[in-house]
Amino acid sequence: MAKAIHSMIRVLDEARSVAFYDKAFGLKIADRLDFSNFTLVYLSNAESGFELELTVNKGQTDAYEHGNGYGHFAVSVDDVDAEHARFEAEGLAPRKLVAFAPDGDVIARFFFVTDPDGYEIEVLQRAGRYQ
């Protein structure tokens with residue numbers, strides 16, 4: 001059986017991205033592999049063994065285009081209201097909290113935030129299938 005271990009995104013500024021993911025989600029550098037043309041930075045926290053891999057291509061100066069296929073990265077939290085308030089206090093510019101109720105019953109509460117490279121991250125209340 002396969003085990004999900006990481007997801008990768010390309011970033012322009014390693015320090016800026018590492019600082020954002022630490023401040024927003026408590027993700028710390030678990031490993032950093034430096035090569036001649038690129039650097040791989042693996043971020044994780046104690047909540048999960050899953051890692052976010054930041055790929056920094058050396059010499060890249062233009063912002064990456066996400067195209068129309070990229071969706072979002074998602075995390076779950078114990079208290080989405082407190083996290084939303086914390087994100088606002090930290091100046092992370094979260095979007096509004098949403099109660100997702102497609103058929104009338106609320107199945108999720110969440111907000112989105114955008115990282116320095118324009119990637120969307122969904123922050124979900126830990127409940128139901130969103131553990």
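How many salt bridges does the count come to in this structure? The answer is 10 salt bridges, with the usual caveat that we're looking at a predicted model. Before getting to those charged pairs, here's a look at the sheet they sit around.

**The sheet and its helix**

Four strands make up an open sheet, and reading across it you get the order E1-E4-E3-E2, with mixed pairing. Strand E1 (6–10) and strand E2 (28–34) are the edge strands; each has a single partner strand, so one side of each is left without a neighbour in the sheet. Going from one strand to the next, the twist averages 20°.

Take the pairing of E1 with strand E4 (residues 48–57): these two run parallel and are joined by 5 bridges. If you want a spot to look at, find Ser-7, which stands opposite Leu-52 in E4. Helix H1 (residues 14–25) lies across E1, E2, strand E3 (38–45) and E4, and runs at about 10° to E3.

**Some of the salt bridges**

Here are some of the pairs, with the N to O distance for each.

| Pair | Closest N and O atoms |
|---|---|
| Glu-90 and Lys-23 | 3.9 Å |
| Lys-58 and Asp-34 | 2.8 Å |
| Arg-95 and Glu-120 | 2.7 Å |

What does the salt bridge between Glu-90 and Lys-23 tie together? Glu-90 lies in the loop between helix H2 (80–89) and strand E6 (98–100), while Lys-23 belongs to helix H1, so the pair links parts that are 67 residues apart in sequence. Glu-90 is partly exposed, at 36% relative accessible area, and Lys-23 is partly exposed too, at 39%.

Next comes the salt bridge of Lys-58 with Asp-34. Lys-58 is in the loop between E4 and strand E5 (73–77) and Asp-34 is in strand E2, so this pair ties together parts that are 24 residues apart in sequence. Lys-58 counts as partly exposed, with a relative accessible area of 40%, and Asp-34 does as well, at 47%.

Then there's Arg-95, which forms a salt bridge with Glu-120. Arg-95 sits in the loop between H2 and E6, and Glu-120 is in strand E8 (residues 120–125), so the parts being tied together are 25 residues apart in sequence. At 42% relative accessibility, Arg-95 is partly exposed.

Which residues do shared salt-bridge partners join into one network? They are Glu-47, Asp-78 and Arg-126.

Key
Residues are numbered from 1 along each chain as its sequence is written. This is a predicted model: local features need pLDDT of at least 70, side-chain atom pairs count only at pLDDT 80 or more; totals for chains, interfaces and linings use all residues. Side-chain values use heavy atoms; hydrogens and water are left out. Two strands pair if DSSP finds at least two bridges between them. Axes are lines fitted to C-alpha atoms, for helices over the stretch in contact, and angles run from 0 to 180 degrees between N-to-C directions. Contact means heavy atoms within 4.5 Å. A salt bridge is a side-chain nitrogen of Lys or Arg within 4 Å of a carboxyl oxygen of Asp or Glu. Buried means under 20% relative accessible area, exposed over 50%, partly exposed in between (1.4 Å probe, protein chains only).
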